[in-house]
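The following exercises concern helix packing, burial and backbone geometry. Please examine the sequence and the structure before working through each solution.

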Amino acid sequence: YHRLVLILHDRGDILEAYTTLYEVLSQLGESIPDAPGPQETKKMVKITSEMLNGISEESLLGMKEMDRKSQFVLQFYNSMTVVAFVCKKQAMVPFYTCRMVQLTLASKTISKYSLIGFVQCVAMSCHENSITVIQEACRIAKLAMSVLKRFDASAEIVPRVCFIYYSLVASYSETLPSCADGLLRGFECGMASGDTSSAFLCAIHHIRLSLLAGTALPDLLKRVEYFLGLVKSHRNQLAKNFLSLHKDTVLTLMGKGCDDSEVQVKAMNIPAALQHKALQSFWTGHPERCHHFYEKLFGGGVSFFTNQFRFNMLYYGLNSFKITKPTSSKKMKAIPFHALEELKTSASCSRVNFCNKVHLLEAEIFSHEGNHKEAKVKYAAAVSSARCSGMIHEQGLACEHAGFHYKKIGDNRRACCFFDQANQCYAEWGSQMKVDHITRELEYFQVGSRRCVS
């Protein structure tokens, strides 16, 4: 049955895979309730996560191995979390994850699937805007990764654990390139062990985090095309859809347009597709569309895996300034401040990944309020911290926004200097689209200079 579910999943028959898992778990004696409400789910995740607080490596190593039937139950719950997430039954994912943890702690026995449950449970708790919760989640996740070595057959679940840890948790404690490298190792391990489903999930998130880290777009395009070639040969339609989304975004950022051969994925009304549409709209200068997609992405209530979208809070906040008017609602005007609060919490856990974002959004808020002295300091800090973090795309973004700030206040010399720096950053990133945009801004100053001379 487990092999059947993997085949159905890779083929794209997600609902059939979900039904099969549901029936098998029922036959194993598990009672699966209807989807819990948001508050009930939030309470369940909080209680289960707190059960793991303070757990040590010694206590985990001291637990006896789980009996065979219980291991099968956890294995199918593990598969259920993957399938439910992509078949529009995301509301059930917290229940399945919490059930894995509860069964382990109640029996005082452990299996390799227990460790998947631990990492996934604390990954869900990271959606809380609490530094203490996120730091404890990172500790427990690292602990589970360490204890994984105890199990002889751990190689078969390493790809799955790598996927959860590096895509959902590690970005709060490790650099983005390090997380991307961890996912690449998960991909290689999955391909070697035959777990292509987890391998391709690692590949998808390797591309996602590499894009967020500012990897050169031409190099990223080559990686996406390599992965797409593999998923097509393995007939994994689901992975093909997600990788096609990334390819479209990379091509758009490079200024080469979208890949018309994969038009069908644009209709995917799922969080990942909304994120890509919002990102494309932000970078191509369509603020209304960008806001529309971000509202759909963030406005769907509590989701326990949207912590992976925290990186988008910078773009969400910056974009709001372009469409906010004096008559706009309080909710619209509060967007940059809400985004800043989220980013500050994340920066408290990982300065290297989020500090530049905090500085840039603060700079834009100060500029909007007319506090030019503070804006100047924050723009400089945003450029410097992005450079130190190796995020060439966001270094360019900070320079670009600093250029528009100085242009607004009439300091054309500084504006021209920052636009020139932005141009260099975007060229290094490989975004011809942004290079063309900034070049037009520089031409404006050249024309203005010739007029002054004449």
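## Exercise 1: The surroundings of helix 19

The buried residues of helix 19 pack against helix 18 (351-369), helix 20 and helix 21. The structure examined here is a predicted model.

**Task.** Identify the residues of helix 19 that are buried, and compare the span of helix 19 with the expected one.

**Solution.**
- Step 1. The buried residues of helix 19 are Ala375, Lys378, Tyr379, Ala382, Val383, Ser385, Ala386 and Ser389.
- Step 2. Helix 19 covers residues 372-389, which is 18 residues, and at 1.5 Å a residue a span of 26 Å is expected. The C-alpha atoms at its ends lie 26 Å apart, so the two values agree.
- Step 3. Directly after helix 19 comes Gly390, with a positive phi of about 75°.

## Exercise 2: Helix 20 against helix 21

**Task.** Describe how helix 20 is covered, and determine how its axis is oriented relative to that of helix 21.

**Solution.**
- Step 1. Helix 20 has 17 residues, and the distance from its first C-alpha to its last is 24 Å, close to the expected 24 Å.
- Step 2. Of these 17 residues, 14 are buried, and helix 20 is thus mostly covered.
- Step 3. Two packed helices are described by the angle between their axes and the distance between the axes.
- Step 4. For helix 20 (residues 392-408) and helix 21 (residues 412-429), the axes come within 7 Å and cross at roughly 160°. Angles over 145 degrees count as roughly antiparallel, and helix 20 is therefore roughly antiparallel to helix 21.
- Step 5. The crossing of helix 20 with helix 21 is left-handed.
- Step 6. On the side of helix 20, the contact includes Ile392, Leu397, Phe404 and Tyr406. On the side of helix 21, the participants include Phe418, Phe419, Tyr426 and Trp429.
- Step 7. Sorted by class, this contact of helix 20 with helix 21 comprises 13 nonpolar, six polar and four charged residues.
- Step 8. After helix 20 comes Gly410, with a positive phi near 85°.

## Exercise 3: Helix 10 against helix 11

**Task.** Determine the relative direction of helix 10 and helix 11, and classify the residues of their contact.

**Solution.**
- Step 1. Helix 10 (residues 176-193) and helix 11 (residues 196-213) have axes 8 Å apart and pack at an angle of about 160°. Helix 10 is therefore roughly antiparallel to helix 11.
- Step 2. Helix 10 and helix 11 cross in a left-handed manner.
- Step 3. Among the contact residues of helix 10 are Leu183, Leu184 and Phe187, and among those of helix 11 are Phe200, His205 and Leu209.
- Step 4. The contact of helix 10 with helix 11 contains 15 nonpolar residues, six polar residues and no charged ones.

## Exercise 4: Helix 1 against helix 5

**Task.** Establish how helix 1 and helix 5 are oriented relative to each other.

**Solution.**
- Step 1. The axes of helix 1 (residues 2-11) and helix 5 (residues 68-86) come within 11 Å, crossing at roughly 10°.
- Step 2. Angles under 35 degrees count as roughly parallel, and helix 1 and helix 5 are therefore roughly parallel to each other.
- Step 3. His2, Val5 and His9 of helix 1 meet Gln75, Phe76, Ser79, Val82 and Val83 of helix 5.
- Step 4. The contact of helix 1 with helix 5 divides into four nonpolar, four polar and no charged residues.

## Exercise 5: Individual residues

**Task.** Decide whether each of Tyr172, His246, Lys108 and Arg235 is buried or exposed.

**Solution.**
- Step 1. Buried means under 20% relative accessible area, and exposed means over 50%.
- Step 2. Tyr172, in the loop between helix 9 (158-169) and helix 10, has 2% relative accessibility and therefore counts as buried. Its C-alpha is 15 Å from that of His205, and the two residues are 33 apart in sequence.
- Step 3. His246 belongs to helix 13 and, at 5% relative accessibility, is buried. Leaving out residues up to four places away in sequence, His246 touches Ile204, Ile207, Arg208 and His276.
- Step 4. Lys108 lies in the loop between helix 6 (93-107) and strand 2 (109-110). Its relative accessible area is 63%, so Lys108 is exposed. Although not a glycine, Lys108 has a positive phi of about 55°.
- Step 5. Arg235 is located in the loop between helix 12 (217-233) and helix 13 (237-254). With 72% relative accessibility, Arg235 counts as exposed. Arg235 is not a glycine, yet its phi is positive, at about 55°.

Definitions and conventions:
Residues are numbered from 1 along each chain as its sequence is written. This is a predicted model: local features need pLDDT of at least 70, side-chain atom pairs count only at pLDDT 80 or more; totals for chains, interfaces and linings use all residues. Side-chain values use heavy atoms; hydrogens and water are left out. Axes are lines fitted to C-alpha atoms, for helices over the stretch in contact, and angles run from 0 to 180 degrees between N-to-C directions. Helices (H or I, at least four residues) and strands (E, at least two) are DSSP runs, numbered from the N terminus. Angles under 35 degrees count as roughly parallel, over 145 as roughly antiparallel, 65 to 115 as roughly perpendicular and the rest as oblique. A crossing is left-handed if the near helix is turned anticlockwise from the far one by less than a right angle, and right-handed if clockwise. Contact means heavy atoms within 4.5 Å. Ala, Val, Leu, Ile, Met, Phe, Trp, Tyr, Cys and Pro count as nonpolar, Asp, Glu, Lys and Arg as charged, and the others, Gly among them, as polar. Buried means under 20% relative accessible area, exposed over 50%, partly exposed in between (1.4 Å probe, protein chains only). The expected span of a helix is 1.5 Å times one less than its number of residues.
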